[in-house]
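Me: I would like to go through this model with you and ask, for each label, what reasoning stands behind it.

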Amino acid sequence: MRPEPGRGPNAFDRISDMVRALERSLISVKHGVKSLTSGSFWLRYSTLASYRTLCAGASALTGLTRSGARHADGNMEASVEYITSVFNMYRNAAGVERFYGKIAEIGPGDSCGIGLMFLADGCSQVDLVDRFFSRRDKHHQQTVNRALVQRLPQLSSLLRNGDYAESSFSRLSRHYGESAAAETFFQANRDYDFIVSCAVLEHVYDPLGALASAASALRPGGLMLHQIDCRDHGQFSESFYELKFLELPDLLYSPLKWRGGPNRVRLSAYLDVLKKLGLDFTVYVNSMAGIAGEIPHGTLLRDVPEPVLRVSRQYVTDVRRHLTMPFRSMSDEDLMITRFVLVARKSDTMPASGVAGTGLHNAEL
Ligand SMILES: C[S@@+](CC[C@H](N)C(=O)[O-])C[C@H]1O[C@@H](n2cnc3c(N)ncnc32)[C@H](O)[C@@H]1O
């Protein structure tokens, strides 16, 4: 256990350490269960549904979640590398030299690192907005924050003291709980130049409501950037095929969504919201069904090489008949595009309330 500098470990640290130790010992059990259930879809489903129900109960009781705890067990270099790569993805997708103004990151999880990079770029305010409190290692957070300040010395002027805890940086605010759910936060917090998220909207209960709400909180000319992963997050794909989870009817799938499990909202549903609101948008494709490996960042669907498109289209044609409704009747693209970055701009003339205007939409879908 690593106490905070200047004080002994408190009850919260002790509980977090115990949870961490328990989780470590559960990892091998989890692998064992995965391999035991790899031969039967229904066995895998019932094990997963029971496990998710237990996790949801435990998380509701303790207020802690494993979702978003990416940095809890990592090393400093790996954390800084992840933070930098997500930040660069945002910057490339936004097409800006530097971020500026007021910015909100939805679902940052256990690190404020990306928020710090926005501040180093020159943003005046960064709001970190998370419905849940991801389990975290405070000492590791401080180490990562210190490393970021060393790389980006302009951050030192924002440090209120020598402890590199998240709370020591001015212009950086954390928001937690129901009032910080993406679905509700933006009703009271508005006028953002940028609203971003990475690997979050697929975990949100009402991602379409959240997207609309975030859009309405943008300033005219403001930009949203969301990386969304519509895959099954390893639930069935390692043992069965990657779209297997789309065979389950909604009612049966429900427990798999609880407390951070992936929802099954596909690309066109997000685009319909943006079209309705009159926002301009662009979609960059990151991964496709039936294709191993990632599509390079910054690739529009129309720029994906023809042989790759052909393989992916054939893949969804082959599996479509197994899928449940509404997935069975979705467009090829909705099933083919499994991970993407959505970039949406509110027009300069649109009122801040975000009511529809005349947006130009990319015709790539
Ligand atoms: C998979 S983690 C991603 C964390 C981080 N963005 C990353 O790239 O590692 C999903 C995050 O979304 C948060 N989240 C889930 N539902 C949310 C909601 N309705 N509003 C805001 N955050 C939410 C979770 O608490 C968690 O921090």
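Reply: What follows is a set of questions and answers on a predicted model, with each value set against its cut-off where one is needed.

Me: How do you know which parts of the model carry low confidence, and what is the mean pLDDT of the protein?

Reply: The mean pLDDT is 88, and 86% of the residues reach 70 or more. Over residues 1-9, however, the pLDDT is below 50, and this stretch has 10 contacts in the model beyond near neighbours in sequence. Residues 352-361 also stay under 50, and for them the model has 26 contacts beyond four places in sequence. Where pLDDT is low, the predicted coordinates should not be read in detail.

Me: What makes up the secondary structure of the protein, and how many of its residues count as buried?

Reply: The secondary structure comes to 11 helices and 9 strands, and of the 365 residues 36% count as buried. Among contacts between residues at least 6 apart in sequence, 73% join residues at least 24 apart.

Me: Why is α3 called oblique to α5?

Reply: The axes of α3 (residues 76-94) and α5 (residues 138-151) come within 10 Å and cross at roughly 60 degrees. Angles under 35 degrees count as roughly parallel and those from 65 to 115 as roughly perpendicular, with the rest, apart from those over 145, as oblique; the crossing of roughly 60 degrees therefore makes α3 oblique to α5. The crossing is right-handed. On the side of α3 the contact is made by M76, S79 and V80, and on the side of α5 by T143, V144, A147 and L148. By class, this contact has 5 nonpolar, 2 polar and no charged residues.

Me: What makes α7 and α9 roughly parallel, by contrast with an oblique pair?

Reply: The axes of α7 (residues 207-216) and α9 (residues 267-277) come within 10 Å and cross at roughly 30 degrees. Angles under 35 degrees count as roughly parallel, and α7 and α9 are therefore roughly parallel to each other. Their crossing is right-handed. Here L208, L211, A212 and A215 of α7 meet A269, Y270, V273 and L277 of α9, and by class the contact has 8 nonpolar, no polar and no charged residues.

Me: How do you know that α4 is mostly covered?

Reply: In helix α4 (residues 113-121), 7 of the 9 residues are buried, namely G113, I114, G115, L116, M117, F118 and L119. These buried residues pack against α3, β2 (101-106), β3 (123-130), α5 and β5 (172-176). Following α4 comes G122, whose phi is positive, near 125 degrees.

Me: Why does A93 count as buried?

Reply: A93, which is found in helix α3, has 20 other C-beta atoms within 10 Å. The cut-off for buried is 20 or more, so A93 meets it and is buried. Leaving aside neighbours within four places in sequence, A93 is in contact with L225, Y284, V341 and V343. A93 and G298 are 205 residues apart in sequence and 6.8 Å apart in space, C-alpha to C-alpha.

Me: Is D232, in the loop between β7 (218-229) and α8 (250-257), buried or exposed?

Reply: D232 has 21 other C-beta atoms within 10 Å, and because 20 or more are required, D232 counts as buried. Not counting residues up to four places away in sequence, D232 touches S237, E242, F245 and P262. The C-alpha atoms of D232 and K244, 12 residues apart along the chain, are separated by 8.5 Å.

Me: Why are R171 and A199 called partly exposed?

Reply: R171 has 15 C-beta neighbours inside 10 Å, and A199 has 19 other C-beta atoms within 10 Å. Buried requires 20 or more and exposed 12 or fewer, so R171 and A199 count as partly exposed. R171 lies in the loop between α5 and β5 and has a positive phi of about 70 degrees although it is not a glycine. A199, in the loop between β6 (192-198) and α7, has a positive phi of about 60 degrees and is likewise not a glycine.

Me: What is the omega of the cis peptide bond that joins M325 and P326?

Reply: For this cis peptide bond omega is about 5 degrees, and P326 is found in the loop between α10 (306-319) and α11 (332-336).

Conventions:
Residues are numbered from 1 along each chain as its sequence is written. This is a predicted model: local features need pLDDT of at least 70, side-chain atom pairs count only at pLDDT 80 or more; totals for chains, interfaces and linings use all residues. Axes are lines fitted to C-alpha atoms, for helices over the stretch in contact, and angles run from 0 to 180 degrees between N-to-C directions. Helices (H or I, at least four residues) and strands (E, at least two) are DSSP runs, numbered from the N terminus. A crossing is left-handed if the near helix is turned anticlockwise from the far one by less than a right angle, and right-handed if clockwise. Two residues are in contact if their C-beta atoms, placed from the backbone, lie within 7 Å. Ala, Val, Leu, Ile, Met, Phe, Trp, Tyr, Cys and Pro count as nonpolar, Asp, Glu, Lys and Arg as charged, and the others, Gly among them, as polar. pLDDT is the predictor's confidence in each residue, from 0 to 100.
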